[in-house]
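Hi,

Here is the structure I promised to pass on to you. Have a look at it first, and then read my notes below.

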Amino acid sequence: GKYEYDLVVIGGGSGGLACAKEAAQFGRKVAVLDYVEPSQRGTKWGLGGTCVNVGCIPKKLMHQAALLGSALKDAQHYGWNIAQPVHHTWSVMAQAVQNYVKSLNWGHRVQLQDKKVKYFNMKGSFSDPHTIRGLTKAGKETIVTAENIVIATGGRPKYPTHIAGALEYGITSDDLFWLKESPGKTNRSFTVFCILPSGLNLLSCSFPLVKSALYLPNTPNREKVVCCDKHFFAYCDYCSLRSAMDFCKLWEQSIVMDYAHQNQLKTLVLASSKKAPDTKTLNLETVGVKTNSETGKIIVDASEATSVPHIYAVGDITEGRPELTPTAIAAGKLLAQRLFGQSSELMDYDNVPTTVFTPLEYGCVGLSEDAAVQCYGSDNIEVYHAYYKPLEFTVAERDATQCYMKMVCLREREQRILGLHFIGPNAGEVIQGFALGIK
């Protein structure tokens, strides 16, 4: 043929791998280029993308570890004799989580080999619309050509550089899951959680840690965070900050406080904002792939096509798409089926169920109340609220005041459900099942 490959995928995350493996099922010649740029603190990982290495998988496993800790208190009410005090060894948990992640890295490489997908551990960039330049860590160059190219490089956390000391003392999810030792939990150390717009993932990994401050600006995501606020912070001392100025003041005070103790900084700061799309080295402008000037994300149409007809993009790097692993996987598979399997089915991005793994999980599907009002008008919206007590909370006498459900409906004869917001144990499973009922 005219080109070496039928499809080349740049990015070895969930969406890119799904697309590559699906294309190979149709007997096409496929290659994947993937390279992880070390984080600000030097952390690096293997094939699989954010979800496998520094996202869903380690996050859920650490979430489970934290839930087991709280369940030990409940166990005594159910007749289990638990020796006190209970001690947690971070290094044991971290090693187990990291070993499992590494097994997934290896599994992805084996799957690509089994499906005859060529894997290049290289950083890919465009030389021309059909040519990709791969560069290894050692600087070795490889040139590949392809009839179709899919960009699936995802995003990386960005530091709030407007806050003094963020780069020096901050830590992101790229590093948190790979810490060998506990960040510390003493009376004098102060952990600061900075929740910036769209920083909900931070809630998922932060509650096993210690004292905190919360910065909640008024953003569309505020509704989701406030739902979890009271229960989340029952686990730690906190103050709720309403301005960046308040946060900076606390930041300065915490550093001064810690430096006063033998000049050793004991403050751990987790900062979260929208991830920056990983496009810097792709040379998109060389081939004419258009991006949103504000977000930096790639603009795609309903078929995941960019402004260049044979170049596509899937996953977190695309503008206006949910930043969710299952969504990226489904979009990648459907794209390969349209390219090589004579399919015309498009990805449906409406009513995608989402879960935040806080102590009491938060799940949602469909529209928020604000979005429903914008779409249909306040006079056409009916909102129902309900609090409930899970059965497993009764014997243990656990506080259930935050177990809550909100249903947003269209005010008509059928009372059509537009959105559901649910806070409670196993919210993910509840929302996933309920999503099938929203049309």
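What follows is a short account of what I found in the model.

First, the ground rules. This is a predicted model, in which local features need pLDDT of at least 70, side-chain atom pairs count only at pLDDT 80 or more, and totals for chains, interfaces and linings use all residues. Residues are numbered from 1 along each chain as its sequence is written, and side-chain values use heavy atoms, with hydrogens and water left out.

The protein chain contains 14 helices and 19 strands (DSSP runs numbered from the N terminus: H or I of at least four residues for helices, E of at least two for strands). Of its 439 residues, 47% are buried (under 20% relative accessible area, with exposed over 50% and partly exposed in between; 1.4 Å probe, protein chains only). Taking contacts (heavy atoms within 4.5 Å) between residues at least 6 apart in sequence, 63% join residues at least 24 apart.

Now the interior. The largest nonpolar core (buried Ala, Val, Leu, Ile, Met, Phe, Trp, Tyr and Cys residues joined through side-chain atoms within 4.5 Å) has 25 residues, and Leu7, Val9, Val30, Val117 and Val150 have the most contacts inside it. Two or more residues of this core come from each of strand S1 (5-10), helix H1 (14-25), strand S2 (30-33) and helix H11 (325-340). Beyond four places in sequence, Val150 touches residues including Leu7, Val9, Cys19, Tyr312 and Leu335. Another core, of 23 residues, lies apart from the largest one, and includes Tyr5, Val8, Ile132 and Ile151.

You may like Lys297, which sits in the loop between helix H10 (284-287) and strand S14 (311-313). Lys297 counts as buried because its relative accessibility is 10%. Its side chain reaches the backbone oxygen of Asp316 at 3.2 Å. Among the contacts of Lys297 beyond four places in sequence are Pro277, Thr291, Glu319 and Glu323.

Two lysines also sit over rings (NZ of Lys or CZ of Arg within 6 Å of the ring centre and within 35 degrees of the ring normal). The charged end of Lys44 is over the ring of Tyr35, 4.6 Å from its centre, and that of Lys118 is over the ring of Phe120, 5.5 Å from its centre.

Happy browsing!

Methods: A polar contact is a pair of N or O atoms within 3.5 Å; within protein, one must be able to donate a hydrogen and the other to accept it, and residues adjacent in sequence count only if both atoms are side-chain atoms.
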